[in-house]
Structure formats: C-alpha cells, structure tokens
Amino acid sequence: MRGIRFILILIVGLVAGAGAAIVAIHAQMSSMADTFRNGQWQYFPSMDLEVNPVLRAAIARSALFAVRESEVLYFLLDKDDQGLALSSHAVYELKGRKLQSRYWSICLYGEDHFLVDNSEDRYSYNQENIQYTKEDSSAFLIRISARPQAGNWLPSGEEETFSLILRLYHPDPSVYQNIATTSLPTLKKVSP
C-alpha cells in the first residue's frame, strides 16, 4: 500500500512540476512579446540566458542558438507596413542600407520557427551575398515572395505566416547607444 501511495505522490509531483514549468515558459514567452520597438522591428531587451533559466527554456522552445546581446542584437519583424502578419500570399520589399556591425544577416523563418524549405535553398541574405543597388553601393532591396522575383529574392514558401530575424553581430557601439533610432531596413507590402 505504501509503495502505491509513494508512486502516486511521485506521479502527482512530476505532473505538477511539469505543469508549473510549462506555465512559467509560456509566461516568459508572453513577456517576450512585450518588446522594445525600432520602426517595424521588435527588439528583445535582454537575452541574458546565463542568469535566466526560464528565458533560456523559452528560447530553446522557439529558437535555436540564441547568443547574449553583448555579441548579437536580434530584431524580429512579423508584421507588414499595414500591421498585418507576414504571409506567403503577399509580395514584400525590404529596403535597407549597409548595417553598422561587423557582420549582419536577415533570415526568414516559418510558423514553426525554422527555416522555410524552398527549391532555391535560399534562407537569408547577409553582407556577403547581398547585391547592392547600382544607384547606391550601400543600399539594398530584398523581395520576399512565394513566387520567383528579380534580384535579391527571399522565398517565403507556402507559409501562412512567417517572420524575419535581423541579426547584428558585434554592432558598432553607437547601435547599442541608439537601439530605438538606429537605421534598420523597412518592409512594404507591394502586392496582396
């Protein structure tokens, strides 16, 4: 009888502990939605995963290989210029200029927070593979669409919704001092 009671208490304890962990992770993910803004982009104010195990668990659940903000700044864009969720049913243009960091990249992620499979095997643009405009060697234009586009084309697959992550690796100190106003690319929906 004692053995059965012990097993029942153990099971209840494990279920309660797992439930509490899930609630804490969901709460952390909800608070991550309360982010800082720079134009259309959201910025996560703190990615200090070393001192916040719940944040570390939330990031592990929805993202891969997050690095602390002293090395990388992450910006998220998941809505267009009209405030609507990004979708493969539309065509977008992302316009920007060379970014003030040692290295930068813009990646497209699907609803599952993973790269979107596509026939081009193209998942991102960065300072090494982007084609700058002929008129201005520091400006770029990326077209985002399910259908092939001329120039810098980032395939969005057949995702109902997707997001873009801009990573600035070792940004210039001025970026840290002016996160809210530093110049970031802008996105515009060009066709439904």
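This is a short talk about one sheet and one pocket in the structure above.

Okay, hi everyone. Before we start, keep in mind that this is a predicted model.

Let's begin with the sheet. It's an open one, built from four strands in the order E8-E7-E4-E10, and the pairing is mixed. So who sits at the edges? Strand E8, residues 152-155, and strand E10, residues 186-191, each pair on one side only. If you look at neighbouring strands here, they're turned by 25 degrees against each other on average, ignoring direction.

Now zoom in on E7, residues 139-145. How many of its residues are buried? Six of the seven, which leaves E7 mostly covered.

E7 has a partner in E4, residues 91-97, and those two run antiparallel, with six bridges between them. Want to find a couple on your screen? Tyr 92 has Ile 144 in E7 as its bridge partner, and Lys 95 stands opposite Leu 141, again in E7.

E7 also pairs with E8, but there the strands are parallel, joined by four bridges. One spot to look for is Ile 142, whose bridge partner in E8 is Asn 152.

Hang on to Leu 141 and Asn 152, since both turn up in the lining of the second largest pocket. That pocket has a volume of about 160 Å³. Which other residues line it? Among them are Gln 131, Tyr 132, Thr 133, Arg 143 and Gly 151. By type, the lining splits into two nonpolar, four polar and three charged residues.

That's my tour, thanks for listening.

Terms used: Residues numbered from 1 in each chain as written. Predicted model: local features only at pLDDT ≥ 70, side-chain atom pairs only at ≥ 80, totals over all residues. Heavy atoms only, no water. Pairing = 2+ DSSP bridges. Axes fitted to C-alpha atoms, helices over the stretch in contact; angles between N-to-C directions. 1 Å grid on protein atoms, 1.4 Å probe; cavity = no way out; pocket = protein on both sides within 12 Å on 5 of 7 lines; lining within 4 Å. Points joined across faces, edges and corners; volume = space filled by probe spheres on them. Nonpolar A, V, L, I, M, F, W, Y, C, P; charged D, E, K, R; others polar. Buried < 20%, exposed > 50% of the residue type's maximum accessible area, 1.4 Å probe, protein only.
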